[in-house]
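Please load the model in your viewer and keep the selection panel open, as this tour moves from one selection to the next. The stops are given in the order in which they are best selected.

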2 protein chains.
Amino acid sequence: MKSNGNSIYSTLSARERILNTAHDLFYREGIRATGIDWIIAEAGVTKVTFYRYFPSKNALIYEFLEYRHHRWMTWFIDALQRYGGDISALIPALAEWFHDEGFRGCAFINSVSELGSSLPEVVSITRRHKQDMMSVIENMLPPSAKREQDSQAVALAVDGAIIRAQFDVTPDAALKVLETILRSLLPDWS
Amino acid sequence: MKSNGNSIYSTLSARERILNTAHDLFYREGIRATGIDWIIAEAGVTKVTFYRYFPSKNALIYEFLEYRHHRWMTWFIDALQRYGGDISALIPALAEWFHDEGFRGCAFINSVSELGSSLPEVVSITRRHKQDMMSVIENMLPPSAKREQDSQAVALAVDGAIIRAQFDVTPDAALKVLETILRSLLPDWS
DNA sequence: GTGTATTGGTAGACAGGTCTGTCTACCAAC
DNA sequence: GTTGGTAGACAGACCTGTCTACCAATACAC
């Protein structure tokens, strides 16, 4: 087996290389903007191999979103822990993400924008992702009768901040405005 | 000149028909998902006519965004007036939009998601659009030292609500959560 | 009214590229 | 033999953009 010297994933199996490459290209360039030949070339596989593991591009898109969900949630939970584990950890955690040079917004929001009409399954996948994000946020809030309501408000503001960070030149305003909102929403904001 | 009996814009000039058709298809189906042949067929023009008015698809995309900006801002300002003209008008105005059967989120956010990498000009166009939206919001708030800060927070929450309304089954939660945030943010919320 | 030029359109072919997906023939390792 | 790969060709559809040949309406000069 000839490995692709250019791929940063060359110790992985072919399937993993495809999935990781697709993840990077789909997120960076857009899903429709990424043809399967590009993924194939970057992953260092052939078309037969590609179709052995992913029966269609749409199947790959679903796998990409599940993979992205797992990967992002893992990062999110870890980052929140690293910054103290309570709700105020949201700001530095998101700052870490927004300042990442590869930041291109939320892959799920992007996929709804791009494919919401032609591949409507991505909408329900996004709903599940956002539900899980909100659950993580809810678990960081102290128990109260309005815990769920607050977590919905926080999650909605986080989505707003993600959007703003995506079109602004720098993410600083998005983070600052998000903090303003959270300070108003949450009485025990530190 | 043979008019296209199927086009709902058949009393308009060819250029206007193209632009209106592009607006509808780009917003409903996605920009990349809409080939120029589809626009041409729906607008009832030929390729020569299309290229007479729009030297490229990208030129049409820019025109589409400018046209969308003008159209949306006109609607936004009008809707806010219709619902009373103060900041609480935001909720029913957005409800009107979100409940529209053609609602597919914010065309500007969608274009950044879809084309942010391949046509980065859409990002600065989006920034301008969002700045104008925020100015309208600011003008609805009573004068105060934190008027600009509040308008930024409101605008960010509005973007969050747009996103949520886009992936939820119905927009009711998005509107309710937005109202919760605005109630916390703005002391004189009615 | 007629002829001409201009303007704004038509039908449709074409070129070359990209896209998704199907397939053949072959190889290496176990 | 099985598994997991390779190189690469192919088909058909779609995409953006270029071009030819022609037509109708209007304005203007005579």
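Begin with A93(B), which has its place in helix α5 of chain B, the helix that runs over residues 90-99. This is a predicted model, and the stops below should be read with that in mind. Is A93(B) buried or exposed? With 20 C-beta neighbours inside 10 Å, A93(B) counts as buried, because 20 or more is the cut-off for that class. Now add the residues that A93(B) touches, leaving aside those up to four places away in sequence: they are F76(B), A79(B), L80(B) and Y83(B). For F76(B), a distance label drawn from C-alpha to C-alpha should read 7.3 Å, although A93(B) and F76(B) are 17 residues apart in sequence.

Next, colour chain A by domain, with residues 10-55 as domain 1 and residues 65-185 as domain 2. The centres of these two domains of chain A, taken over C-alpha atoms, are separated by 26 Å. Where they touch, domain 1 of chain A gives seven residues to the contact and domain 2 of chain A gives eight. The domain 1 side of this contact in chain A divides into three nonpolar, two polar and two charged residues.

Then show both protein chains together. What operation superposes chain A on chain B? A rotation of 180° with 0.0 Å of shift along its axis does so, with an RMSD of 0.0 Å, and that is the relation of a two-fold axis. To place this axis in the view, select G160(A), whose C-alpha is the nearest to it in chain A, at 1.9 Å. Both copies use the same surface, since 100% of the contact residues of chain A recur in chain B.

Stay with this interface, in which 38 residues of chain A are in contact with 38 residues of chain B. On the side of chain A that touches chain B, at least two residues each come from α1 (14-29), α6 (107-115), α7 (121-140), α8 (147-167) and α9 (172-185) of chain A. Of these, α8(A) supplies the largest share, twelve residues. By class, this side of chain A holds 14 nonpolar, 14 polar and ten charged residues.

The largest nonpolar core is the next selection, and it has 98 residues, among which A157(A), A161(A), I181(A), A157(B), A161(B) and I181(B) touch the most other members. Centre the view on I181(A): apart from residues up to four places away in sequence, I181(A) touches A157(A) in its own chain, and A153(B), L156(B), A157(B), I181(B) and L185(B) in chain B.

Finish at the DNA. Around DNA strand C there are 18 residues, and the closest are G35(A), S56(A), K57(A), A14(B) and T49(B). The elements that give two or more residues to this surface are α2 (36-43) and α3 of chain A, together with α3 of chain B. The surface near DNA strand C is made up of seven nonpolar, six polar and five charged residues.

Then move to DNA strand D, where A14(A), T49(A), G35(B), S56(B) and K57(B) come nearest among the 18 residues around it. Here the elements that contribute two or more residues are α3 (47-53) of chain A, with α2 (36-43) and α3 (47-53) of chain B. By class, the residues near DNA strand D are seven nonpolar, six polar and five charged.

How values were computed
Residues numbered from 1 in each chain as written. Chains lettered and ligands numbered in written order. Predicted model: local features only at pLDDT ≥ 70, side-chain atom pairs only at ≥ 80, totals over all residues. Near = placed C-beta within 6 Å. Helix = DSSP H or I, 4+ residues; strand = E, 2+ residues; numbered from the N terminus. Nonpolar A, V, L, I, M, F, W, Y, C, P; charged D, E, K, R; others polar. Contact = placed C-beta atoms within 7 Å. Buried ≥ 20, exposed ≤ 12 C-beta atoms within 10 Å, placed from the backbone. Domains from an automatic or database assignment. Least-squares fit on C-alpha atoms with pLDDT ≥ 70 in both. Core = buried A, V, L, I, M, F, W, Y, C linked by C-beta atoms within 7 Å.
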